[in-house]
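Colleague: Could you take me through one part of this model slowly, at a level that suits a first-year student? I would like to look closely at the charged surface patch and at what lies around it.

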Amino acid sequence: MAGLYIHIPLCTKRCSYCSFFSSTLIGRRAEIIDALCREMRERKGYLPADDNVLSTIYIGGGTPSLLPMSDIERLIDNALDTFDHAEDMEITMEANPDDLSDDYVKGMAESRINRLSIGVQTFDDEELKLINRRHDSAEAVEAIERVKRAGIDNFGMDLIFGLPSQTSESFERTIDKAISLAPAHISAYSLELQEDSLLFKKVEKGEVLLPSDEEVEQMSEQIADRLQEAGYEHYEISNWAKPGRRSRHNSSYWTGTPYLGVGPSAHSFDGESREWNVSNVLKYLGGAKPEKEILSEQDKYNEYLFLSLRTCEGICFADYEARYGSSRLDKLESEMRQFLNRGLMSFENGHLRLTRKGIILSNTIISELFEVD
């Protein structure tokens, strides 16, 4: 099976923390839709011949909910006409709360979209202002209630912690509000400052203050504890789901499933290589071809470690030995001991996993296990 990611590169304004590629060229919407449909057809052959049946479509951005539902339906129709696909496809769309009007939600409920991801980020109005979001807390709650009334129960929300002026108390209120709205899925990301973001520049100038590392660690513990109590499964470092409600599309990234990404800045993976499109709408519309990187065996090994250890399943030693042999397994067993002794990893039932404490230091731990030249 394979996945399709469709990048909608449009936003009305840029959030201060964001470094994802987006554009305000909404007037070029029709051209962008035409180009996305064309790219699907032209690059269909990128997916491996023995693994090219679509099981998921993810429409992300940018802000896909800026598009009328007729455009969204056209993109889905084109994908289903172009690719072989499973009958029980997961089709996800991202949306901003302020775009989810009654009419828009009604159109979404009548479409083939069967999973919705809502970009809430926080339910604190002051924090929303500081990161330049278009909605306030009340609008987010109203939008989610509208979604539920329309019968869309497979919806998730994105949250961010470590925001400017955020405290453990304000984040606790955000978590409580999120749980009370009963989403099927919650993604919670620790803020990462990117040098090309507006927020990075404000922090550098001392215009805003971020929580300390200790406070961010406390927030990480808070959400893990509260969501576990509320019945959510912590199935990936930044993702929690009610039973049976994991994101199938995102899970495919962590298990090495091939996927095709279309649109400006979109990335693709076929098991042997990565490709990525230019991060420029006008160049994309002008026909710029993707760049490509052939993955070395070392690249693929390190990626296997990185992705496996992000998940609750961790590294299965039986699978690892079948892939890489007993001598490499012996090496991994030796290297992991320091992390087991420090309580950063656990080994149970043949699976090596990060502990709650280890998740906070995941990038450091995983990089120490990488193979390097």
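Modeller: Before we turn to the patch, it helps to know that helices here are DSSP runs of H or I with at least four residues, and that they are numbered from the N terminus. Please also keep in mind that this is a predicted model.

With that in hand, we can say that a negative surface patch is formed by Asp125, Glu126, Asp136, Glu139 and Glu142. Two helices, α4 (125–130) and α5 (137–149), each contribute at least two residues to this negative patch. Asp125 is a useful residue to begin with, since its place is in helix α4. Because its relative accessibility is 36%, Asp125 counts as partly exposed, and a residue must have over 30% relative accessible area to belong to a patch at all.

Between the two helices there is a loop, and Asn132 is found in this loop between α4 and α5. The backbone of Asn132 deserves a careful look, as its phi is near 70°, a positive value in a residue other than glycine. Asn132 has a relative accessibility of 27%, so Asn132 counts as partly exposed, just as that term was applied to Asp125.

A second asparagine invites a comparison with this one. Asn349, which sits in the loop between β14 (345–348) and β15 (351–354), also has a positive phi, in this case near 50°. Its surroundings leave it open, however, because Asn349 has a relative accessible area of 77% and is therefore exposed.

Moving back along the chain from the patch, we come to strand β4 (residues 115–121), where Arg115 is found. Although arginine counts as positive, Arg115 is not a residue to look for on the surface, because at 4% relative accessibility it counts as buried. The C-alpha atom of Arg115 is separated by 21 Å from that of Gly263, a residue 148 positions away along the chain.

Two further backbone features complete the tour. A cis peptide bond, with omega about 25°, joins Gly61 and Gly62, and Gly62 lies in the loop between β2 (54–61) and α2 (69–82). Elsewhere, strand β7 (residues 233–236) and strand β8 (residues 239–241) pair in the antiparallel sense over three bridges. These two strands, β7 and β8, form a hairpin with two residues between them, and within the pairing Glu236 stands opposite Asn239 in β8.

Conventions: Residues are numbered from 1 along each chain as its sequence is written. This is a predicted model: local features need pLDDT of at least 70, side-chain atom pairs count only at pLDDT 80 or more; totals for chains, interfaces and linings use all residues. Side-chain values use heavy atoms; hydrogens and water are left out. Patches are made of residues with over 30% relative accessible area and no salt bridge: like charges are joined within 9 Å, nonpolar side chains (Val, Leu, Ile, Met, Phe, Trp, Tyr) within 5 Å. Accessible areas come from the Shrake-Rupley method with a 1.4 Å probe; for residues, only the protein chains shown count as cover. A salt bridge is a side-chain nitrogen of Lys or Arg within 4 Å of a carboxyl oxygen of Asp or Glu. The place of a charge is taken as NZ of Lys, CZ of Arg, CG of Asp or CD of Glu. Buried means under 20% relative accessible area, exposed over 50%, partly exposed in between (1.4 Å probe, protein chains only). Two strands pair if DSSP finds at least two bridges between them.
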